[in-house]
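Reader: Can you walk me through this one? Keep it quick.
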Amino acid sequence: MPKVITPDELPKWVPGKLLTSSASLGWKDVAQRSYLYKGQEVPIPPLDHFMIVRYRNGHTPMYRQLEDSKGTRTTCVPGDISLLTNAQNSHWHWTQDIEVAHVYLSNALMSRVACDVLDRSVEDVRLHDVLQLQDPVLNAITDAINTEVHTNGVGGALYVEALGMQMAVHLLRRYASVTFRDPADVGGLTPCQKRRLGDYIESHLHSSIRLEDLAQEVGLGVWTFSRKFKESFASSPHAFVTEQRVQKARTLLAEGRLAIKEVAYMCGFSDQAHLTRVMRLRLGTTPGQLKGSCAER
């Protein structure tokens, strides 16, 4: 067996008819697939994602054994959910045909949410060994994700990301254990984190910089990152990035080699008018005045 497999590789180990898949929808950290399975007995290598199994059609006796643990027997029916933590060998046996929907959450998402919610550096997140549960909240979230595969509506990736975070929080509150990396820390960002952020912002000034991207760059949840950032820089991330854009634009305008609209683009402003508004507000002058004063020297 391979050490760890991806959800894409799962059909190699658990053959079935694929009914739906989110593979082509551009989702991040959340994936969905639904299958029609015949009764079978299968060993499954460790997955690199957390797996939530929603039983949709069919009743079947179900047996599952995780590595180094006793097996569990039950009967799974529509509306039941099974949980499988990441990086865990498992052995499954069922006898009847069933239709199931899988939702996969990445370890990165679970760790970020755990860090954010608990305000601690997280070493590991593990789901409890639960073969059968009834949970209206998990049912509602999995159904919403499953529906999105069919509809693929406007803002679908963002919508599913929010659903994935909601699911992660619920799992952490009721069905997970967390190992912390070190004692609860206080204060701002470390010097290493500040350097990484500075390099990241400098190299991405020309593009959109999301709060989530900055937090992920230093391995923190959004809420924890925002608090630590403000303590370190006495500024919100948005205000800080805007200031870096303005100063970069000021430098480029002083060099006088580029047109104002080119400077605006290179510094991440939507257009020349946007650059002008922000510069007038922050510096009390305009790009044209800066460029003109430099040309007169």
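Author: A term to start with: two strands pair if DSSP finds at least two bridges between them. Strands (E, at least two residues) and helices (H or I, at least four) are DSSP runs, numbered from the N terminus. The model is predicted: local features need pLDDT of at least 70, side-chain atom pairs count only at pLDDT 80 or more, and totals for chains, interfaces and linings use all residues. Residues are numbered from 1 along each chain as its sequence is written, and side-chain values use heavy atoms, without hydrogens and water.
Reader: In what order do the 5 strands of the open sheet run?
Author: S1-S2-S9-S4-S7, with antiparallel pairing. Strands S1 (17–21) and S7 (81–84) are the edges, each pairing on one side only. From one strand to the next, the twist averages 20 degrees.
Reader: Over how many bridges do S2 and S9 pair?
Author: Over 8, between S2 (residues 30–37) and S9 (residues 98–106). Ala31 stands opposite Tyr104 in S9.
Reader: And which strands does H2 lie across?
Author: S2, S4 (49–57) and S9, at about 60 degrees to S9. Angles run from 0 to 180 degrees between N-to-C directions, with axes fitted to C-alpha atoms, for helices over the stretch in contact. Helix H3 (residues 136–151) also packs on the sheet, touching S1, S2, S4, S7 and S9. Contact means heavy atoms within 4.5 Å. The direction of H3 makes about 85 degrees with that of S4.
Reader: New topic. Is Val117 buried or partly exposed?
Author: Val117 lies in helix H2 (residues 107–118). Val117 counts as partly exposed because its relative accessibility is 48%. Buried is under 20%, exposed over 50%, partly exposed in between (1.4 Å probe, protein chains only).
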